[in-house]
Amino acid sequence: MSGDTTVSTSKTIQDAAKPAPEPAPEPRPQGEVMLEVDNLGKHFPVTAGLLRRQVGAVKAVDGVSFSVRKGETLGLVGESGCGKSTTGRMIMRLLDPSFGRITFEGRDITKLSRGQMRPLRRDLQMIFQDPYSSLNPRQTVGAIVGAPFRLQNIRTEHGVKRAVQDLLELVGLNPEHYNRYPHEFSGGQRQRIGIARTLALKPKLIVADEPVSALDVSVQAQVVNLMEDLQDELDLTYVVIAHDLSVVRHISDRVAVMYLGKIVEVADRAELYERPMHPYTNALLSAVPVPDPSLREGRERIRLQGDVPSPLDPPPACRFHTRCWKAQEICKTVEPPLVRLSPGHEVACHFPENATVSETDTVAKAAVAHGASPDEAPLADQD
Amino acid sequence: MTASDETAPAEFAERARPSAFLEVRDLKIHFPTDDGVVKSVDGLSFQLERGRTLGIVGESGSGKSVTSLGILGLHNRQNARVSGEIWLDGQELVGSTPEQVRRLRGRQMAMIFQDPLSSMHPFYTVGKQIIEAYRVHNDVSKAVARKHAIDMLGRVGIPKPDQRVDDYPHQFSGGMRQRAMIAMALSCDPELLIADEPTTALDVTVQAQILDLIRDLQEEFNSAVIMITHDLGVVAELSDDILVMYAGRCVEYAAVEDAFHRPLHPYTWGLLGSMPRLDRERSERLMPIKGSPPSLINVPDGCPFHPRCPYGELTGGKADTERPELRELEPGHKAACHLPLEQRREIWNAEIAPKL
Amino acid sequence: MGPFNVLAYIIRRLIGAVLMLLLVSLVTFGIFFWMPKLAGQTTDQIAASYVGKAPTAEAIAATKERLHLDQPVVLQYGHYLKGIVAGQDFKAGPEVDHCPAPCLGYSFRTSQPVLPQLIDRAPATLSLAAGAALLWLVSGVTIGVLSALRRGSFLDRAAMVIALGGVSLPIYFTGLLSLAIFSYNLKIFPGGGSYRPFSEDPLHWFESLVLPWVTLAFLYAAMYARLTRAGMLETLGEDYIRTARAKGLPEKTVITKHALRSSLTPILTVFGLDLGLLLGGAVLTENTFSIPGLGQLAIAAINGGDLPVVLGVTLLAATFVVLLNLVVDVLYAAIDPRVRLG
């Protein structure tokens, strides 16, 4: 994070290529930082040969940094293999990071053992994608939702049953279904059960990994609304991992876009969707099919060629340069740092889209600071 | 098509042979189970011409995939009861023998499936699988078929097709695999192509590539395409007409513009209100449909959508007891709903459209 | 994955196999030579039990020295291993017997080297196991496939009931029953103990093995029929089978070319293990039909406390299992291109 760049806020908004029409931007939650991730990475070793020497590593996550404030929702988007789920699992400490640091409420939890993590599990919870396989089919809903109480040895005021029934009611299920089994519920209801279990211990941070992607459209909306209601009611903080850009836009306050194990752009929601700066973000947004046939013609489309390269051998410098239509020599030699171009908008690109003159200048300076020669960095040839 | 005349039961021969390229009439596909009869498709009718694309939209269990498998005759006749008529280019399929339908499969009608990895045989190279598909219906040598396979792979945009032809499916990326599936489906130049959620398992940038490909190939081959999906965005990108399915039936059928801009069924409204959209301002709240899709064993009486419909009460109890017929309300626009047309237009204009 | 990787894989697996065999020999050796010591027997007592009836003091002393029984067990084991790798010299009075590598020692009972005995017995076991394996593989898979294709039919149910019987009935029951019917009553096939090596009398070899083959194969065929049926049913539900049908392939091609090939891979694994185990001695079958194979040798050796022979048979059986496992894994990679050896 380069905090040394100064950009005039008012200028940025005036110069924005697309004016932001979103009415009265809601005040961004300015609470304290709850989760801080610093240069986090996960490399899975690849071995070969007679002695099984390590010949390489799948760089699933390769140095990501972001922070989540209390009460806000951070969306992590990207295509399969970009490392978003691995990041989520590392935050939950379901996977051990290869390097980097995770700080939760000011406490470094990167190296905590399972035993040391246990009390923290109350505060950190996860919602999984598949509501079918993440619930034990042999347990009643009461047992599933009540399990956290037993595991954490928590006394509830009116007994566990009452507490579970309250939770079921909270997520919109009938409390009388306490004794039913998961298979008696539909997909959406099962995801509600999963959410109820997550909420049992009144967590502070919830990591939701594709919470709605396995659900039908009509049911997706129910769960999205439920998650938003619960956030207001219980003052929750979310990290939502999803591939669906529309869902992420709806639910997030801030959005981080990942590509091949790196964050390429982080911005406030309105900024990101109205003034996407990284070419990859632009391509992603352009690729989403729009449910309006009248926009079929005339819509500007950016079509990326080919597939995401293998994380086993990612392209050097800017990882997107192999598919980027704006790529130049410098993109293959100097990795673009994640630079803050306007308040709440960070981009890792040498040639950002929708950028103002001063922003382009900032990018060029950052590139030079990271080892590019001044000729390479596009300081002069800006219009 | 003399074969069908000889074998088709008399009752079919009497009825008029349709003029449309594909016509489905009152198709019913039921599966008897221990718990009761699952009525996956329960009286579906539609038509499709060459060069046109029909989008079939619905949630899981709406019967959209069962319909497509039914057209291809892929249901096991031991456990599926199929009735109604399916006319493909003048030949009736439901009454034809399995062998007759098999000869049409892959040649005149072909299918692309959702998950290209599990849909290709892991033990055979991509080339072998395409060659096999081509040689079932064409009496050519292996060398000729191989050349054709390479040619097809090139046409669907696979780089270096002469080398990739010998790769196994797992050596392809997801997008390339779906391209290979398409190459295989198109290898015999079918006139009807059914794509069952062809992009659901793919990433969004790859999905865009595949949708472009299907669109381009359709123009090139002038085939009729049925696009089955739950994603209204995908349908809006590709389809000429849209058929919305709910509980095994068609609840709305319209040209794509009408379906998105003047929909006449509350379920279609619900679908549109449920999805967050990138092309509109962000709405504060989504408008989901309450409840979940019904069981196909116990389909609700009356209008199957009435337990979830916010406007059911406006019909004065009719929705609870009487099943609404699919009626043509405007030219080319059909919907199955008890509400008076004027009232529906009002609700759409006043309550639904502004909130999307 | 080039040929080098395959080679590296095989070498790594062979190293693993040697370690595995070392472990097997260590455990077996320990059971026979170390446990008695733990139990408090003196070396004299141990030696006495190896000499045979009416041991004399000289014989005990000679045995003790010959087997290095007075040395620590670890050293004894070292001698044993050395014998396998480099051969071993045994002092028998003034003469020195050289037992060339791989030397598995001398039988206590016959005073003959162990290895030739094993080699002598192996063909009978091999004949029995290979013939039965062929029989059960063909019949089991065929019945399993037919059962899966006509799921729920009379054929399916009948086949599965018979299969259940085959799995539950022990060899000595079915074996004796078949002997009673086909040999003693109907006199179609010769009775027990009539085995002749193939090299001596091929026709008689065949006749004498028919009943053991069928008996042994019945047990396994039943198991394989159930396995194949389950595998077939699972494969028939796969997406790629639906694709094969959607291409318009005739049902026969769909079954043989697409479904069967996938459902056979798990069977291959089990087959490798089963065959490996049987090659080490089909104890029950050999005993029931009195076939002089490795299994009978093992039983006799155990009963007579002939430890070197017991150790030898155990090691040989373990070698078969380990090697066949390796063969299966390599075959697996050849059949399924997704499997990468590494």
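## Contact between chains A and B

Contact here means heavy atoms within 4.5 Å, and by that criterion 48 residues of chain B meet 43 residues of chain A in this predicted model. Chain B and chain A bury about 3,900 Å² between them, 52% of it on carbon and sulfur atoms, where buried area is the accessible area (1.4 Å probe) that two parts lose on being put together, summed over both. On the chain B side, E237(B), L278(B) and R282(B) lose the most area to chain A, together 19% of what that side buries.

## Strand β7 of chain A

Strand β7 (residues 205-209) of chain A, a DSSP run of E with at least two residues, numbered from the N terminus, has 5 of its 5 residues buried, that is, under 20% relative accessible area (1.4 Å probe, protein chains only). L205(A), V207(A) and D209(A) point one way from the strand, while I206(A) and A208(A) point the other way. In a regular strand the side chains alternate between the two faces of the sheet.

Pairing requires that DSSP finds at least two bridges between two strands; β7(A) pairs in the parallel sense with strand β6 (residues 124-127) of chain A over 4 bridges, and also in the parallel sense with strand β8 (residues 237-242) of chain A over 5 bridges. I206(A) is the bridge partner of Q125(A), and D209(A) stands opposite I241(A) in β8(A).

## Basis of the model

This is a predicted model in which local features need pLDDT of at least 70 and side-chain atom pairs count only at pLDDT 80 or more, whereas totals for chains, interfaces and linings use all residues. Residues are numbered from 1 along each chain as its sequence is written, chains are lettered from A and ligands numbered from 1 in the order in which they are written, and side-chain values use heavy atoms, with hydrogens and water left out.

Definitions and conventions:
Buried means under 20% relative accessible area, exposed over 50%, partly exposed in between (1.4 Å probe, protein chains only).
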